[in-house]
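Hi,

Here is the structure I promised to pass on. Have a look at it first, and my notes on what turned up follow below.

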Amino acid sequence: MRSNNRLHPLTLSVTALAFAGLMTGCTGMSPGSGKAFTGMKVTSSAFGDNGVIPADYAGAGDCGGKNVSLPVAWSNLPAKTKSVAVLVFDPDGAAGLGVSHWVAYNIAAERGELKAGEGQAGSNFNFTMGPNVAGAPAYRGMCPPVGDRPHHYVMTVVATDFAPGSLPAGLARDALLAALKGHALGGQSVVGLYSR
């Protein structure tokens with residue numbers, strides 16, 4: 001019997017294509033080295049890669065959770081990284097069209113992490129959040145349809161050459177990805193699963 005914890009090949013293709021589009025214009029090389037940069041690391045203390053996301057991070061109420069924003073940490077960023085962006089996206093949601101759960105950017109690279117709960121609406125954070133699927137500048141917890149197979153939640157950290165605070169407020173996922181073209185230095189993702 002196959003495990004549900006593996007990415008479906010189509011999901012991998014969609015995710016890979018979306019990420020490849022973001023990286024267009026990025027050389028993929030460590031500046032001055034002539035070698036491909038492969039060391040960036042992204043983790044979450046809430047779940048392991050392809051692991052189950054605990055219910056606290058799901059949407060509140062009928063979604064089964066408390067809507068606490070996921071913790072995420074990054075390390076070994078490419079040279080010249082000044083800020084990072086964090087995106088949480090469900091490629092399985094909206095009948096396969098995808099759902100944006102979190103858009104955070106203008107985050108100082110040296111922070112190294114966002115702690116659980118830092119993406120809540122009304123939080124005193126020192127970075128910018130763009131609108132989620134519901135149009136609010138905050139984290140929106142997972143809420144897949146009851147009975148669906150586990151959805152894949154892709155949490156991506158993008159290293160950029162933008163100084164923190166350089167990008168304007170209000171950028172939704174697609175607008176942020178467009179703004180990062182030519183300024184993305186590298187990126188990595190961690191994938192979590194959630195169902196109800």
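Tyr105 stands opposite Thr128 in strand 7. Keep in mind that this is a predicted model. That pair belongs to the contact between strand 5 (residues 99-108) and strand 7, which run antiparallel and are joined by three bridges.

On its other pairing, strand 5 meets strand 4 in the antiparallel sense, this time over seven bridges. If you want a spot to click on there, try Val86, whose bridge partner in strand 5 is Ala104. How many residues of strand 5 are buried? The count is 10 of the 10, so the strand is largely enclosed by the rest of the structure.

Zooming out, these strands are part of an open sheet of six, with the order 2-9-8-4-5-7 and mixed pairing. Strand 2 (51-52) and strand 7 (128-130) are the edge strands, each pairing on one side only.

Now for the strand 2 end of that order. Strand 2 pairs with strand 9 in the parallel sense, over two bridges, and Gly51 has Gly192 of strand 9 as its bridge partner. Strand 9 also pairs with strand 8: those two run antiparallel and are joined by 10 bridges. In that pairing, Thr156 is matched with Ser189 in strand 9. As for burial, strand 9 is mostly covered, with eight of its 11 residues buried.

Then there is the helix. Which strands does helix 3 touch? Helix 3 (residues 173-180) packs on the sheet and is in contact with strand 4 (83-90), strand 5, strand 8 (151-160) and strand 9 (184-194). The direction of helix 3 makes about 140° with that of strand 4.

Within helix 3, the buried residues include Arg173, Leu176, Leu177 and Leu180. They span an arc of only 100° around the axis, which puts them on the same side of helix 3. The spacing fits the usual helix arithmetic: an α-helix has 3.6 residues a turn, so residues three or four places apart point the same way.

One last backbone detail for you: Gly182 follows helix 3, and its phi is positive, near 85°.

Shout if you'd like to go through any of this together.

Cheers

Definitions and conventions
Residues are numbered from 1 along each chain as its sequence is written. This is a predicted model: local features need pLDDT of at least 70, side-chain atom pairs count only at pLDDT 80 or more; totals for chains, interfaces and linings use all residues. Side-chain values use heavy atoms; hydrogens and water are left out. Two strands pair if DSSP finds at least two bridges between them. Helices (H or I, at least four residues) and strands (E, at least two) are DSSP runs, numbered from the N terminus. Contact means heavy atoms within 4.5 Å. Axes are lines fitted to C-alpha atoms, for helices over the stretch in contact, and angles run from 0 to 180 degrees between N-to-C directions. Buried means under 20% relative accessible area, exposed over 50%, partly exposed in between (1.4 Å probe, protein chains only). The arc is that of the directions from the helix axis to the C-beta atoms.
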